[in-house]
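Work through the following exercises on side-chain charge pairs. Each task is followed by a stepwise solution.

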Amino acid sequence: VINKDIRYYRDMGFAVEHKTKGPLVVGVRQAVLRSMPGYPEDAVLLNPHVALEGRVVGIGAGYITGIAEEGPGRVEDYEIWPVSAHFRIGTLTGPIHFSIHSLEDLPLVSGGSTVRVGFGLRPGSGVNGWVGLSSGIPYDRLGLVVKTDVNLHRNLTLNLAGRLGSTEGLDENAAAAGLTVRFPHRSDPKTE
């Protein structure tokens, strides 16, 4: 170990996605790195993306570009690759599925990290969970990630995420909370 220090991060994220009546999903994510060493203050990462979410298999990818209030704003100036992606096998409505995610978490840092691998769970009606490992910037080592979505209403979901890890005796923990608001298609029978 050459050096160890304590660093604090603040970030937030937003997303707008449209799921068609078929498997196609298109959208854009925005991660705001409010305070993160090595990045300009309030650095913004935009991630337009597309996915095909079938019943048993889902796959998606996107492009990441950066915008900064001051200083460099190109993704090449950051320590991340310019592609987001995910792969899922197993049904989202079944009891368990396996998934890999890269640069898709919102918020990016406190929502999991740049890469996570694990299992999605559906313990009951209206509750979805995910448990696995994460790594990548800004964390030095693997950490345990737990995510949950609790349906508060048919069109409103509470999102919670936590990460536990440590390196060289220092904690690498994070927590995030958010809301998902769903605007259904007019012909969606769940809302009529």
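**Exercise 1.** Find the salt bridge partner of E17 and place both residues in the fold.

Solution. E17 pairs with R29, with 4.0 Å between the closest N and O atoms. A salt bridge here is a side-chain nitrogen of Lys or Arg within 4 Å of a carboxyl oxygen of Asp or Glu. E17 belongs to strand β1 (residues 10-19) and R29 to strand β2 (residues 24-35), so the bridge ties together parts twelve residues apart in sequence. Strands (E, at least two residues) are DSSP runs, numbered from the N terminus.

The model is predicted: local features need pLDDT of at least 70, side-chain atom pairs count only at pLDDT 80 or more, and totals for chains, interfaces and linings use all residues. Residues are numbered from 1 along each chain as its sequence is written, and side-chain values use heavy atoms, leaving out hydrogens and water.

**Exercise 2.** Which residue meets R29 in a salt bridge at 3.5 Å, N to O?

Solution. The partner is E104. R29 sits in strand β2 and E104 in the loop between β7 (96-102) and β8 (115-124), so this contact ties together parts 75 residues apart in sequence.

**Exercise 3.** Classify E17, R29 and E104 by relative accessible area.

Solution. Buried means under 20%, exposed over 50%, partly exposed in between (1.4 Å probe, protein chains only). E17, at 48%, is partly exposed. R29 is buried at 8%, and E104 is buried at 12%.

**Exercise 4.** Locate E53 and its salt bridge partner.

Solution. E53 pairs with R88, the closest N and O atoms being 3.0 Å apart. E53 is in strand β3 (residues 43-53) and R88 in strand β6 (residues 83-89), 35 residues apart. Both E53 and R88 are buried.

Notes
Helices (H or I, at least four residues) and strands (E, at least two) are DSSP runs, numbered from the N terminus.
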